[in-house]
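Me: I'd love a close look at one part of this structure, with the contacts and charged pairs around it. Could you walk me through it in one go?

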Amino acid sequence: MNFDTLRDYLLNKPGATEDFPFDSVTLVIKVCGKIFALTNITADPLRVNLKCDPLKAEYLRENYAAVLPGYHMNKRHWNTVVLDGSIAEAEIRSMIDESYELVVKGLPKSRRPG
């Protein structure tokens, strides 16, 4: 998955917005003001931080060398996924979907998109 494909998929989530609140290279994707993905636009290979259920986060780290504890994040709830081609794009999309859904689920019902 390349940067454009990643960015398009992230921004196609209902209510998703993008910003660079930390610096000029860390793209932050939010839903209703809450982060569900971060990526360094200059990284090679590309990496994306995604929220994850703690038990599933451990499972993914054990089964994929390209899934690491979340860089600069709560390592229990976030993974860094290295987009080096070793994980199928469908699996990466599933990880993105879960990150988005976890964040939306944590929002008050009145603030949830859609």
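Is the crossing of H1 and H3 left-handed or right-handed? Please start there and then follow the charged side chains.

Reply: Happy to, with the reminder that this is a predicted model. The crossing of H1 and H3 is right-handed. Their axes lie 11 Å apart, and the two helices pack at an angle of about 35°.

Now to the residues at this contact. From H1 come Thr5, Leu6, Tyr9 and Leu10, and they meet Glu89, Arg93, Ile96 and Asp97 of H3. Sorted by class, the contact of H1 with H3 holds four nonpolar residues, three charged ones and one polar one.

The charged residues deserve a closer look. Side chains of opposite charge can pair when their charged atoms come close. Across the whole structure, the search finds four salt bridges, and I will take you through some of them, beginning with residues of the H1 contact.

Glu89 and Arg93, both on the H3 side of that contact, join their side chains in a salt bridge, with 2.7 Å from N to O. The two are four residues apart in helix H3, so about one helical turn separates them. Glu89 counts as partly exposed, because its relative accessibility is 33%. Arg93 is partly exposed as well, with a relative accessible area of 25%.

Asp97 also meets H1, and its salt bridge is with Lys13, where the closest N and O atoms are 2.5 Å apart. Asp97 belongs to helix H3 (residues 89–105), while Lys13 sits in the loop between helix H1 (3–11) and strand E1 (16–19), so this pair ties together parts that are 84 residues apart in sequence. Both Asp97 and Lys13 are buried.

Glu98 takes us to another helix. Its side chain meets that of Lys56 in a salt bridge, at 3.2 Å from N to O. Glu98 lies in helix H3 and Lys56 in helix H2 (residues 54–63), so the pair links parts that are 42 residues apart in sequence. Are Glu98 and Lys56 buried or partly exposed? Glu98 has a relative accessible area of 15% and is therefore buried, whereas Lys56, at 29% relative accessibility, counts as partly exposed.

Putting H3 back together: Glu89 and Arg93 pair within the helix, Asp97 reaches the loop that holds Lys13, and Glu98 connects to H2 through Lys56.

Technical notes:
Residues are numbered from 1 along each chain as its sequence is written. This is a predicted model: local features need pLDDT of at least 70, side-chain atom pairs count only at pLDDT 80 or more; totals for chains, interfaces and linings use all residues. Side-chain values use heavy atoms; hydrogens and water are left out. Buried means under 20% relative accessible area, exposed over 50%, partly exposed in between (1.4 Å probe, protein chains only). Axes are lines fitted to C-alpha atoms, for helices over the stretch in contact, and angles run from 0 to 180 degrees between N-to-C directions. A crossing is left-handed if the near helix is turned anticlockwise from the far one by less than a right angle, and right-handed if clockwise. Contact means heavy atoms within 4.5 Å. Ala, Val, Leu, Ile, Met, Phe, Trp, Tyr, Cys and Pro count as nonpolar, Asp, Glu, Lys and Arg as charged, and the others, Gly among them, as polar.
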